[in-house]
Amino acid sequence: MTGGQILVNALISHQVDTMYCVPGESYLPVLDALHDAHSIRTVVTRHEGAASYMAEAYGKLTGKPGICFVTRGPGASHASVGLHTAREDSTPMILFIGQVETQFLGREAFQEIDYTQMFGGIAKAVHQVRKAVDLPLIIQRAFALAVSGRPGPVVIALPEDILFSKADLPISVAVSEDHVTPAIFDVTEIGRILENAKQPIVVVGGSRWSAKGLSDLRKFVHRYRLPVAAGFRRQDLLDNDDQLYVGMLGLASNPSLIQRVSDADVVLVVGSRLSEITSNGYTLFQKEGESQRLIHLYPQPNVLADIYKPYLSIHAPLHELTEALASLPEPTNCPWVDWTLDARQDYVSFNQLPTVSADHNGVDMGRVVKYLSDRLPADAIVCNGAGNFSVWVHRFYKYRQYVSELAPTNGSMGYGLPAAITAKIRYPEKSVICFSGDGCFMMYPQELATAIQENAALILLIVNNGMYGTIRMHQEREYPGRVFASNLVNPDFVALSKSFGAHAERVTVFSGFPNAFARAINSKRVSVIELVTDPFQLSPSKRMLS
(Lines give C-alpha, C1' and ligand atoms only; values in the text may rest on other atoms or scores of the structure.)
Protein backbone atom coordinates (compact mmCIF):
# COMPACT_ATOMS: atom_id res chain seq x y z
CA MET A 1 0.00 0.00 0.00
CA THR A 2 1.05 3.59 -0.55
CA GLY A 3 1.33 5.91 2.42
CA GLY A 4 -1.92 7.50 1.26
CA GLN A 5 -3.70 4.13 1.31
CA ILE A 6 -2.26 3.25 4.70
CA LEU A 7 -3.52 6.56 6.08
CA VAL A 8 -7.04 6.16 4.69
CA ASN A 9 -7.22 2.56 5.94
CA ALA A 10 -6.26 3.83 9.37
CA LEU A 11 -9.08 6.40 9.22
CA ILE A 12 -11.54 3.67 8.26
CA SER A 13 -10.39 1.52 11.18
CA HIS A 14 -11.16 4.45 13.47
CA GLN A 15 -14.67 4.60 11.98
CA VAL A 16 -14.22 7.98 10.29
CA ASP A 17 -17.32 8.63 8.18
CA THR A 18 -16.72 12.24 7.06
CA MET A 19 -13.73 14.41 6.29
CA TYR A 20 -13.51 18.05 5.20
CA CYS A 21 -10.90 19.45 2.86
CA VAL A 22 -9.66 21.74 0.16
CA PRO A 23 -7.77 19.40 -2.18
CA GLY A 24 -4.03 19.95 -2.60
CA GLU A 25 -1.32 18.42 -4.70
CA SER A 26 0.73 17.85 -1.55
CA TYR A 27 -1.55 14.96 -0.52
CA LEU A 28 -2.69 13.52 -3.85
CA PRO A 29 -2.15 9.88 -2.74
CA VAL A 30 -4.65 10.44 0.06
CA LEU A 31 -7.22 11.83 -2.36
CA ASP A 32 -6.65 8.86 -4.64
CA ALA A 33 -7.16 6.44 -1.75
CA LEU A 34 -10.36 8.26 -0.73
CA HIS A 35 -11.69 7.63 -4.23
CA ASP A 36 -12.19 3.99 -3.23
CA ALA A 37 -13.10 4.63 0.42
CA HIS A 38 -16.86 4.57 0.03
CA SER A 39 -17.45 4.64 3.78
CA ILE A 40 -15.90 8.11 4.09
CA ARG A 41 -17.81 11.13 2.82
CA THR A 42 -15.42 13.75 1.49
CA VAL A 43 -16.79 17.28 1.79
CA VAL A 44 -14.87 19.66 -0.45
CA THR A 45 -15.06 23.27 0.72
CA ARG A 46 -14.09 26.56 -0.95
CA HIS A 47 -11.71 27.72 1.78
CA GLU A 48 -9.48 25.90 4.23
CA GLY A 49 -10.77 28.03 7.10
CA ALA A 50 -14.27 26.78 6.41
CA ALA A 51 -13.03 23.18 6.15
CA SER A 52 -11.41 23.45 9.59
CA TYR A 53 -14.55 25.05 11.04
CA MET A 54 -16.61 22.18 9.65
CA ALA A 55 -14.29 19.59 11.19
CA GLU A 56 -14.46 21.40 14.52
CA ALA A 57 -18.26 21.48 14.36
CA TYR A 58 -18.26 17.74 13.64
CA GLY A 59 -16.22 17.21 16.81
CA LYS A 60 -18.78 19.22 18.81
CA LEU A 61 -21.72 17.30 17.36
CA THR A 62 -20.33 13.78 17.72
CA GLY A 63 -17.65 13.85 20.40
CA LYS A 64 -15.32 12.15 17.89
CA PRO A 65 -12.36 13.94 16.28
CA GLY A 66 -13.37 16.03 13.28
CA ILE A 67 -11.07 15.28 10.34
CA CYS A 68 -9.67 18.02 8.11
CA PHE A 69 -7.15 17.82 5.26
CA VAL A 70 -5.40 20.88 3.83
CA THR A 71 -2.36 21.51 1.72
CA ARG A 72 0.88 23.00 3.00
CA GLY A 73 1.76 26.64 3.67
CA PRO A 74 -1.17 28.87 2.70
CA GLY A 75 -3.67 26.05 3.19
CA ALA A 76 -2.42 25.31 6.68
CA SER A 77 -2.38 29.02 7.53
CA HIS A 78 -6.02 29.37 6.49
CA ALA A 79 -6.97 26.29 8.53
CA SER A 80 -5.45 27.70 11.70
CA VAL A 81 -8.71 29.49 12.57
CA GLY A 82 -10.54 26.19 13.05
CA LEU A 83 -7.59 24.80 14.98
CA HIS A 84 -7.72 27.74 17.40
CA THR A 85 -11.48 27.26 17.76
CA ALA A 86 -10.96 23.58 18.60
CA ARG A 87 -8.33 24.54 21.17
CA GLU A 88 -10.40 27.10 23.06
CA ASP A 89 -13.65 25.14 22.69
CA SER A 90 -11.99 21.89 23.85
CA THR A 91 -13.14 20.07 20.72
CA PRO A 92 -11.50 16.87 19.43
CA MET A 93 -10.08 17.43 15.93
CA ILE A 94 -7.25 16.15 13.75
CA LEU A 95 -5.75 18.40 11.09
CA PHE A 96 -3.74 16.63 8.38
CA ILE A 97 -1.42 18.90 6.41
CA GLY A 98 0.42 18.07 3.22
CA GLN A 99 4.11 18.86 3.64
CA VAL A 100 7.13 19.30 1.37
CA GLU A 101 9.21 16.23 0.57
CA THR A 102 11.40 14.92 3.37
CA GLN A 103 14.63 15.77 1.57
CA PHE A 104 13.54 19.42 1.28
CA LEU A 105 12.66 19.92 4.93
CA GLY A 106 14.48 22.79 6.64
CA ARG A 107 15.40 24.59 3.40
CA GLU A 108 12.35 26.91 3.29
CA ALA A 109 11.15 24.99 0.28
CA PHE A 110 8.04 25.99 -1.66
CA GLN A 111 5.24 26.60 0.88
CA GLU A 112 7.24 24.97 3.69
CA ILE A 113 6.36 25.77 7.30
CA ASP A 114 7.62 24.22 10.51
CA TYR A 115 4.26 23.16 11.96
CA THR A 116 5.72 22.27 15.32
CA GLN A 117 6.64 25.91 15.78
CA MET A 118 3.51 27.24 14.10
CA PHE A 119 0.94 25.14 15.97
CA GLY A 120 2.88 23.94 19.01
CA GLY A 121 1.07 26.36 21.31
CA ILE A 122 -2.38 25.60 19.89
CA ALA A 123 -2.51 21.86 19.24
CA LYS A 124 -2.23 19.17 21.90
CA ALA A 125 0.50 17.62 19.74
CA VAL A 126 2.14 18.16 16.34
CA HIS A 127 3.50 15.08 14.55
CA GLN A 128 5.59 15.08 11.38
CA VAL A 129 5.59 11.67 9.73
CA ARG A 130 9.07 10.36 8.91
CA LYS A 131 8.20 6.95 7.44
CA ALA A 132 5.08 5.40 5.95
CA VAL A 133 5.33 2.53 8.43
CA ASP A 134 4.81 5.03 11.27
CA LEU A 135 1.43 6.25 9.98
CA PRO A 136 -0.89 3.77 11.79
CA LEU A 137 0.73 4.35 15.17
CA ILE A 138 0.81 8.15 14.77
CA ILE A 139 -2.85 8.21 13.77
CA GLN A 140 -3.75 5.89 16.62
CA ARG A 141 -2.04 8.21 19.09
CA ALA A 142 -3.69 11.27 17.53
CA PHE A 143 -7.18 9.82 17.97
CA ALA A 144 -6.48 8.86 21.58
CA LEU A 145 -4.96 12.23 22.44
CA ALA A 146 -7.67 14.31 20.75
CA VAL A 147 -10.39 12.87 22.99
CA SER A 148 -8.45 12.30 26.23
CA GLY A 149 -8.54 14.62 29.24
CA ARG A 150 -9.42 18.05 27.95
CA PRO A 151 -10.26 17.32 24.29
CA GLY A 152 -8.53 19.33 21.61
CA PRO A 153 -6.82 19.41 18.21
CA VAL A 154 -3.88 17.35 16.98
CA VAL A 155 -1.83 18.18 13.87
CA ILE A 156 -0.18 15.62 11.57
CA ALA A 157 2.17 16.83 8.82
CA LEU A 158 2.47 14.49 5.82
CA PRO A 159 5.59 14.85 3.63
CA GLU A 160 4.61 14.25 0.03
CA ASP A 161 7.18 11.51 -0.59
CA ILE A 162 5.93 9.56 2.44
CA LEU A 163 2.44 9.43 0.96
CA PHE A 164 3.76 8.11 -2.37
CA SER A 165 6.08 5.56 -0.76
CA LYS A 166 4.93 1.97 -0.21
CA ALA A 167 4.87 -0.37 2.75
CA ASP A 168 3.21 -3.64 3.68
CA LEU A 169 1.26 -3.00 6.86
CA PRO A 170 -1.84 -4.36 8.61
CA ILE A 171 -4.81 -2.08 9.21
CA SER A 172 -4.46 -0.23 12.50
CA VAL A 173 -6.84 -0.88 15.37
CA ALA A 174 -8.65 1.87 17.21
CA VAL A 175 -7.64 2.36 20.84
CA SER A 176 -9.99 2.64 23.80
CA GLU A 177 -9.93 5.60 26.14
CA ASP A 178 -8.33 5.54 29.56
CA HIS A 179 -10.68 5.68 32.54
CA VAL A 180 -10.11 7.43 35.84
CA THR A 181 -12.62 6.89 38.63
CA PRO A 182 -13.08 9.73 41.13
CA ALA A 183 -12.24 8.82 44.71
CA ILE A 184 -15.28 7.92 46.81
CA PHE A 185 -14.03 10.12 49.64
CA ASP A 186 -13.86 13.19 47.38
CA VAL A 187 -17.39 12.69 46.04
CA THR A 188 -18.75 12.14 49.54
CA GLU A 189 -17.03 15.38 50.57
CA ILE A 190 -19.04 17.24 47.90
CA GLY A 191 -22.24 16.03 49.55
CA ARG A 192 -20.95 17.14 52.95
CA ILE A 193 -20.05 20.61 51.67
CA LEU A 194 -23.47 21.03 50.08
CA GLU A 195 -25.19 19.91 53.30
CA ASN A 196 -23.67 22.97 54.98
CA ALA A 197 -24.39 25.40 52.12
CA LYS A 198 -26.97 28.18 52.12
CA GLN A 199 -26.49 29.68 48.65
CA PRO A 200 -24.95 27.09 46.30
CA ILE A 201 -24.86 27.19 42.51
CA VAL A 202 -23.71 24.77 39.80
CA VAL A 203 -21.83 25.90 36.68
CA VAL A 204 -21.70 23.43 33.78
CA GLY A 205 -19.64 23.57 30.61
CA GLY A 206 -17.06 21.80 28.54
CA SER A 207 -17.34 19.32 25.69
CA ARG A 208 -17.82 15.63 24.88
CA TRP A 209 -20.79 15.12 27.15
CA SER A 210 -22.72 11.86 26.81
CA ALA A 211 -26.46 11.30 27.10
CA LYS A 212 -25.94 9.30 30.29
CA GLY A 213 -23.62 11.93 31.72
CA LEU A 214 -26.23 14.63 31.22
CA SER A 215 -28.96 12.37 32.60
CA ASP A 216 -26.89 11.77 35.74
CA LEU A 217 -26.24 15.51 36.03
CA ARG A 218 -29.99 16.23 35.87
CA LYS A 219 -30.65 13.53 38.45
CA PHE A 220 -28.10 15.05 40.82
CA VAL A 221 -29.18 18.71 40.55
CA HIS A 222 -32.86 17.80 40.89
CA ARG A 223 -32.17 15.68 43.95
CA TYR A 224 -30.39 18.64 45.53
CA ARG A 225 -32.61 21.31 43.88
CA LEU A 226 -29.56 23.31 42.81
CA PRO A 227 -29.63 26.29 40.43
CA VAL A 228 -27.61 25.56 37.28
CA ALA A 229 -25.83 28.17 35.15
CA ALA A 230 -24.24 27.32 31.81
CA GLY A 231 -20.79 28.42 30.75
CA PHE A 232 -20.40 30.68 27.71
CA ARG A 233 -22.13 29.11 24.69
CA ARG A 234 -22.80 25.85 26.54
CA GLN A 235 -26.52 26.58 27.02
CA ASP A 236 -27.65 23.26 25.56
CA LEU A 237 -26.28 21.20 28.45
CA LEU A 238 -29.52 21.57 30.41
CA ASP A 239 -33.01 22.11 28.99
CA ASN A 240 -33.57 25.85 29.31
CA ASP A 241 -37.20 25.14 30.29
CA ASP A 242 -35.95 23.17 33.28
CA GLN A 243 -36.91 25.04 36.46
CA LEU A 244 -33.34 24.73 37.72
CA TYR A 245 -31.74 26.44 34.71
CA VAL A 246 -30.81 30.04 35.58
CA GLY A 247 -28.95 31.36 32.52
CA MET A 248 -25.58 31.66 30.81
CA LEU A 249 -22.36 33.13 32.15
CA GLY A 250 -20.66 34.98 29.33
CA LEU A 251 -20.98 38.01 27.10
CA ALA A 252 -24.08 40.09 27.91
CA SER A 253 -25.00 37.87 30.84
CA ASN A 254 -27.78 38.76 33.23
CA PRO A 255 -26.12 41.10 35.80
CA SER A 256 -28.16 39.48 38.56
CA LEU A 257 -26.74 36.06 37.64
CA ILE A 258 -23.20 37.39 37.84
CA GLN A 259 -24.00 38.84 41.25
CA ARG A 260 -25.57 35.57 42.35
CA VAL A 261 -22.44 33.60 41.46
CA SER A 262 -20.38 36.14 43.35
CA ASP A 263 -22.66 35.81 46.40
CA ALA A 264 -22.73 31.99 46.33
CA ASP A 265 -21.12 30.25 49.29
CA VAL A 266 -20.53 27.06 47.25
CA VAL A 267 -19.84 26.97 43.50
CA LEU A 268 -19.75 23.49 41.98
CA VAL A 269 -18.17 23.62 38.52
CA VAL A 270 -18.69 20.55 36.34
CA GLY A 271 -16.82 20.30 33.03
CA SER A 272 -16.06 23.98 32.51
CA ARG A 273 -12.48 25.22 32.51
CA LEU A 274 -13.75 28.64 33.69
CA SER A 275 -12.45 30.67 30.76
CA GLU A 276 -12.10 34.45 30.74
CA ILE A 277 -15.59 34.94 29.30
CA THR A 278 -17.38 32.50 31.62
CA SER A 279 -15.56 33.95 34.63
CA ASN A 280 -16.42 37.55 33.72
CA GLY A 281 -12.80 38.49 33.10
CA TYR A 282 -11.48 36.22 35.86
CA THR A 283 -13.37 38.26 38.47
CA LEU A 284 -15.58 35.40 39.68
CA PHE A 285 -14.54 32.34 41.70
CA GLN A 286 -11.68 34.20 43.39
CA LYS A 287 -12.97 34.86 46.88
CA GLU A 288 -10.52 34.61 49.72
CA GLY A 289 -11.02 32.61 52.89
CA GLU A 290 -14.18 30.67 53.64
CA SER A 291 -16.74 33.05 52.07
CA GLN A 292 -16.98 30.89 48.94
CA ARG A 293 -15.94 27.29 48.38
CA LEU A 294 -15.09 26.40 44.81
CA ILE A 295 -15.42 22.73 43.84
CA HIS A 296 -13.99 22.09 40.40
CA LEU A 297 -14.63 18.83 38.51
CA TYR A 298 -12.76 18.46 35.22
CA PRO A 299 -11.37 15.62 33.07
CA GLN A 300 -7.77 16.89 32.96
CA PRO A 301 -5.72 17.54 36.11
CA ASN A 302 -3.51 20.37 34.83
CA VAL A 303 -6.58 22.56 34.21
CA LEU A 304 -7.57 22.29 37.86
CA ALA A 305 -5.92 25.00 39.97
CA ASP A 306 -4.25 26.39 36.84
CA ILE A 307 -5.91 29.78 37.37
CA TYR A 308 -8.10 29.31 40.44
CA LYS A 309 -7.50 27.69 43.81
CA PRO A 310 -10.40 25.31 44.41
CA TYR A 311 -11.38 24.19 47.87
CA LEU A 312 -11.79 20.74 46.30
CA SER A 313 -10.81 19.55 42.82
CA ILE A 314 -11.40 16.15 41.20
CA HIS A 315 -10.29 14.99 37.77
CA ALA A 316 -11.99 12.15 35.88
CA PRO A 317 -14.00 11.74 32.66
CA LEU A 318 -17.26 13.69 32.77
CA HIS A 319 -19.47 10.60 32.70
CA GLU A 320 -17.56 9.18 35.68
CA LEU A 321 -17.90 12.44 37.60
CA THR A 322 -21.63 12.81 36.97
CA GLU A 323 -22.30 9.14 37.78
CA ALA A 324 -20.60 9.68 41.12
CA LEU A 325 -22.65 12.83 41.77
CA ALA A 326 -25.86 10.99 40.90
CA SER A 327 -24.98 8.34 43.48
CA LEU A 328 -24.95 10.84 46.36
CA PRO A 329 -27.77 10.24 48.83
CA GLU A 330 -30.80 12.50 49.21
CA PRO A 331 -29.80 15.59 51.20
CA THR A 332 -31.33 15.88 54.66
CA ASN A 333 -32.02 19.56 54.18
CA CYS A 334 -32.08 22.05 51.27
CA PRO A 335 -32.24 25.54 52.83
CA TRP A 336 -31.40 27.09 49.48
CA VAL A 337 -34.72 26.26 47.76
CA ASP A 338 -35.89 29.89 47.77
CA TRP A 339 -32.46 30.93 46.47
CA THR A 340 -32.95 28.55 43.53
CA LEU A 341 -36.48 29.81 42.85
CA ASP A 342 -35.30 33.41 42.88
CA ALA A 343 -32.45 32.60 40.49
CA ARG A 344 -34.89 30.99 38.08
CA GLN A 345 -37.23 33.98 38.28
CA ASP A 346 -34.31 36.31 37.52
CA TYR A 347 -33.64 34.26 34.39
CA VAL A 348 -37.29 34.34 33.29
CA SER A 349 -37.54 38.10 33.84
CA PHE A 350 -34.30 38.83 32.01
CA ASN A 351 -35.47 36.87 28.98
CA GLN A 352 -38.69 38.77 28.49
CA LEU A 353 -38.64 40.81 25.28
CA PRO A 354 -37.79 44.43 26.06
CA THR A 355 -39.96 47.29 24.87
CA VAL A 356 -38.80 48.45 21.46
CA SER A 357 -37.85 52.11 21.10
CA ALA A 358 -40.40 54.27 19.30
CA ASP A 359 -37.78 55.26 16.74
CA HIS A 360 -36.67 51.66 16.09
CA ASN A 361 -36.42 50.78 12.39
CA GLY A 362 -36.03 47.44 10.64
CA VAL A 363 -36.53 43.92 11.93
CA ASP A 364 -36.88 43.41 15.69
CA MET A 365 -34.34 40.65 16.34
CA GLY A 366 -35.79 39.80 19.72
CA ARG A 367 -39.13 38.88 18.13
CA VAL A 368 -37.39 36.84 15.42
CA VAL A 369 -35.47 34.75 17.94
CA LYS A 370 -38.53 34.37 20.20
CA TYR A 371 -40.62 33.28 17.19
CA LEU A 372 -38.12 30.58 16.30
CA SER A 373 -37.64 29.49 19.91
CA ASP A 374 -41.39 28.96 20.29
CA ARG A 375 -41.78 27.01 17.04
CA LEU A 376 -38.65 25.06 16.20
CA PRO A 377 -38.52 21.43 17.35
CA ALA A 378 -36.47 20.65 20.44
CA ASP A 379 -33.77 18.92 18.37
CA ALA A 380 -33.27 21.88 16.02
CA ILE A 381 -29.62 22.94 15.75
CA VAL A 382 -28.94 26.66 16.00
CA CYS A 383 -25.57 27.89 14.75
CA ASN A 384 -23.86 31.26 14.93
CA GLY A 385 -20.50 32.89 14.60
CA ALA A 386 -19.42 36.08 16.37
CA GLY A 387 -20.95 39.52 16.58
CA ASN A 388 -23.49 41.52 18.56
CA PHE A 389 -26.30 39.80 16.66
CA SER A 390 -25.56 36.67 18.68
CA VAL A 391 -26.55 38.42 21.92
CA TRP A 392 -30.21 38.20 20.84
CA VAL A 393 -29.79 34.50 20.03
CA HIS A 394 -28.16 33.56 23.34
CA ARG A 395 -30.59 35.63 25.38
CA PHE A 396 -33.95 34.78 23.82
CA TYR A 397 -33.53 31.30 22.31
CA LYS A 398 -34.29 28.35 24.59
CA TYR A 399 -32.00 25.38 23.94
CA ARG A 400 -33.72 22.17 24.96
CA GLN A 401 -31.40 19.36 23.91
CA TYR A 402 -27.68 18.71 23.90
CA VAL A 403 -25.89 19.57 20.63
CA SER A 404 -28.61 22.01 19.66
CA GLU A 405 -26.13 24.89 19.99
CA LEU A 406 -23.15 25.26 17.65
CA ALA A 407 -21.24 28.42 18.51
CA PRO A 408 -17.53 29.16 19.01
CA THR A 409 -16.46 29.98 22.55
CA ASN A 410 -13.39 31.67 21.08
CA GLY A 411 -15.65 34.27 19.41
CA SER A 412 -14.51 33.44 15.90
CA MET A 413 -16.25 35.24 13.03
CA GLY A 414 -17.45 33.24 10.05
CA TYR A 415 -18.10 30.06 12.05
CA GLY A 416 -21.87 29.89 11.70
CA LEU A 417 -22.35 28.88 8.06
CA PRO A 418 -19.63 26.19 7.92
CA ALA A 419 -20.91 24.76 11.22
CA ALA A 420 -24.47 24.71 9.90
CA ILE A 421 -23.34 22.83 6.79
CA THR A 422 -21.70 20.19 8.98
CA ALA A 423 -24.86 19.92 11.11
CA LYS A 424 -27.19 19.52 8.13
CA ILE A 425 -24.95 16.92 6.49
CA ARG A 426 -24.74 14.99 9.75
CA TYR A 427 -28.45 15.33 10.62
CA PRO A 428 -30.37 15.97 7.40
CA GLU A 429 -33.68 15.25 9.14
CA LYS A 430 -33.20 18.07 11.68
CA SER A 431 -33.95 21.78 11.33
CA VAL A 432 -30.64 23.65 11.09
CA ILE A 433 -30.76 27.41 11.48
CA CYS A 434 -27.73 29.68 11.13
CA PHE A 435 -27.53 33.28 12.36
CA SER A 436 -24.79 35.39 10.78
CA GLY A 437 -24.14 39.09 10.95
CA ASP A 438 -23.38 40.83 7.67
CA GLY A 439 -19.71 41.02 8.66
CA CYS A 440 -19.69 37.45 9.95
CA PHE A 441 -21.31 36.03 6.81
CA MET A 442 -18.88 37.79 4.48
CA MET A 443 -15.97 35.92 6.05
CA TYR A 444 -17.07 32.74 4.23
CA PRO A 445 -19.95 33.57 1.83
CA GLN A 446 -18.50 31.20 -0.77
CA GLU A 447 -19.48 28.26 1.42
CA LEU A 448 -23.03 28.67 0.13
CA ALA A 449 -21.61 26.80 -2.86
CA THR A 450 -20.55 23.96 -0.54
CA ALA A 451 -24.03 23.87 1.01
CA ILE A 452 -25.61 23.66 -2.45
CA GLN A 453 -23.12 21.02 -3.57
CA GLU A 454 -23.84 18.86 -0.50
CA ASN A 455 -27.62 19.41 -0.57
CA ALA A 456 -27.39 20.77 2.96
CA ALA A 457 -30.80 22.47 3.12
CA LEU A 458 -30.06 24.77 6.04
CA ILE A 459 -31.72 28.13 6.63
CA LEU A 460 -29.33 31.08 6.93
CA LEU A 461 -30.47 34.33 8.54
CA ILE A 462 -28.17 37.24 7.65
CA VAL A 463 -28.55 40.03 10.22
CA ASN A 464 -27.67 43.13 8.20
CA ASN A 465 -27.03 46.39 10.04
CA GLY A 466 -24.26 47.61 7.73
CA MET A 467 -21.50 47.51 10.32
CA TYR A 468 -19.22 45.47 12.52
CA GLY A 469 -21.67 45.80 15.41
CA THR A 470 -19.46 44.61 18.25
CA ILE A 471 -16.67 47.00 17.30
CA ARG A 472 -19.17 49.84 16.93
CA MET A 473 -20.55 49.15 20.40
CA HIS A 474 -17.07 49.33 21.94
CA GLN A 475 -16.29 52.49 19.94
CA GLU A 476 -19.46 54.14 21.20
CA ARG A 477 -18.43 53.29 24.76
CA GLU A 478 -14.77 54.35 24.53
CA TYR A 479 -14.87 57.06 21.84
CA PRO A 480 -18.47 58.28 21.43
CA GLY A 481 -19.16 60.05 18.18
CA ARG A 482 -15.84 58.99 16.63
CA VAL A 483 -16.89 56.13 14.38
CA PHE A 484 -14.04 54.73 12.31
CA ALA A 485 -13.40 51.52 10.34
CA SER A 486 -16.60 49.79 11.45
CA ASN A 487 -19.00 50.71 8.61
CA LEU A 488 -19.60 48.11 5.90
CA VAL A 489 -20.63 48.37 2.26
CA ASN A 490 -22.43 45.12 1.52
CA PRO A 491 -23.48 43.31 -1.64
CA ASP A 492 -27.10 42.53 -2.48
CA PHE A 493 -27.35 39.46 -0.25
CA VAL A 494 -30.49 38.17 -1.95
CA ALA A 495 -28.98 38.40 -5.42
CA LEU A 496 -25.71 36.92 -4.20
CA SER A 497 -27.48 33.97 -2.58
CA LYS A 498 -29.64 33.32 -5.63
CA SER A 499 -26.54 33.29 -7.81
CA PHE A 500 -25.40 30.22 -5.86
CA GLY A 501 -28.77 28.55 -6.39
CA ALA A 502 -30.26 29.24 -2.96
CA HIS A 503 -33.78 30.35 -2.17
CA ALA A 504 -33.43 33.93 -0.89
CA GLU A 505 -35.60 36.77 0.41
CA ARG A 506 -35.18 40.10 2.16
CA VAL A 507 -37.23 41.06 5.23
CA THR A 508 -37.35 44.65 6.51
CA VAL A 509 -39.93 44.40 9.33
CA PHE A 510 -40.77 41.53 11.66
CA SER A 511 -44.29 41.09 10.25
CA GLY A 512 -42.72 39.81 7.05
CA PHE A 513 -40.57 37.20 8.77
CA PRO A 514 -43.03 34.38 9.60
CA ASN A 515 -44.18 33.96 5.99
CA ALA A 516 -40.64 34.30 4.66
CA PHE A 517 -39.49 31.62 7.08
CA ALA A 518 -42.35 29.33 6.05
CA ARG A 519 -41.39 29.75 2.40
CA ALA A 520 -37.79 28.93 3.24
CA ILE A 521 -38.87 25.68 4.90
CA ASN A 522 -41.17 24.78 2.04
CA SER A 523 -38.45 25.38 -0.54
CA LYS A 524 -36.63 22.31 0.85
CA ARG A 525 -33.30 23.72 -0.27
CA VAL A 526 -30.58 26.00 0.99
CA SER A 527 -32.38 29.19 1.98
CA VAL A 528 -31.21 32.66 2.91
CA ILE A 529 -33.29 35.34 4.62
CA GLU A 530 -31.69 38.76 4.90
CA LEU A 531 -32.93 40.60 8.00
CA VAL A 532 -32.43 44.34 7.63
CA THR A 533 -32.01 45.63 11.17
CA ASP A 534 -31.66 48.99 12.87
CA PRO A 535 -27.99 50.04 13.01
CA PHE A 536 -28.74 52.15 16.09
CA GLN A 537 -29.84 49.07 18.08
CA LEU A 538 -26.48 47.62 19.09
CA SER A 539 -27.87 45.02 21.52
CA PRO A 540 -31.18 44.24 23.22
CA SER A 541 -30.39 46.82 25.90
CA LYS A 542 -28.02 49.26 24.18
CA ARG A 543 -29.06 51.84 21.58
CA MET A 544 -27.01 54.60 20.00
CA LEU A 545 -28.48 58.05 20.37
CA SER A 546 -27.21 59.34 17.03
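Two strands pair if DSSP finds at least two bridges between them; strands (E, at least two residues) and helices (H or I, at least four) are DSSP runs, numbered from the N terminus. This is a predicted model, in which local features need pLDDT of at least 70, side-chain atom pairs count only at pLDDT 80 or more, and totals for chains, interfaces and linings use all residues. Residues are numbered from 1 along each chain as its sequence is written, and side-chain values use heavy atoms, leaving out hydrogens and water.

**Exercise 1.** Determine the order of the six strands in the open sheet, and which are the edge strands.

*Solution.* Step one: the order is E2-E1-E3-E4-E6-E5, with parallel pairing. Step two: strand E2 (41–44) and strand E5 (125–128) each pair on one side only, and are the edge strands.

**Exercise 2.** Examine how E1 and E2 pair.

*Solution.* Step one: strand E1 (residues 18–21) is joined to E2 in the parallel sense over four bridges. Step two: tyrosine 20 has valine 43, in E2, as its bridge partner.

**Exercise 3.** Explain why cysteine 383 and cysteine 440 form no disulfide (a pair of cysteine sulfur atoms within 2.5 Å).

*Solution.* Step one: the structure holds zero disulfides. Step two: for cysteine 383, the closest cysteine sulfur is in cysteine 434, and a separation of 5.8 Å is too far for a bond. Step three: the sulfur of cysteine 440 also has its closest cysteine sulfur in cysteine 434, at 7.3 Å, again too far for a bond.

Methods
Disulfide = S-S within 2.5 Å.
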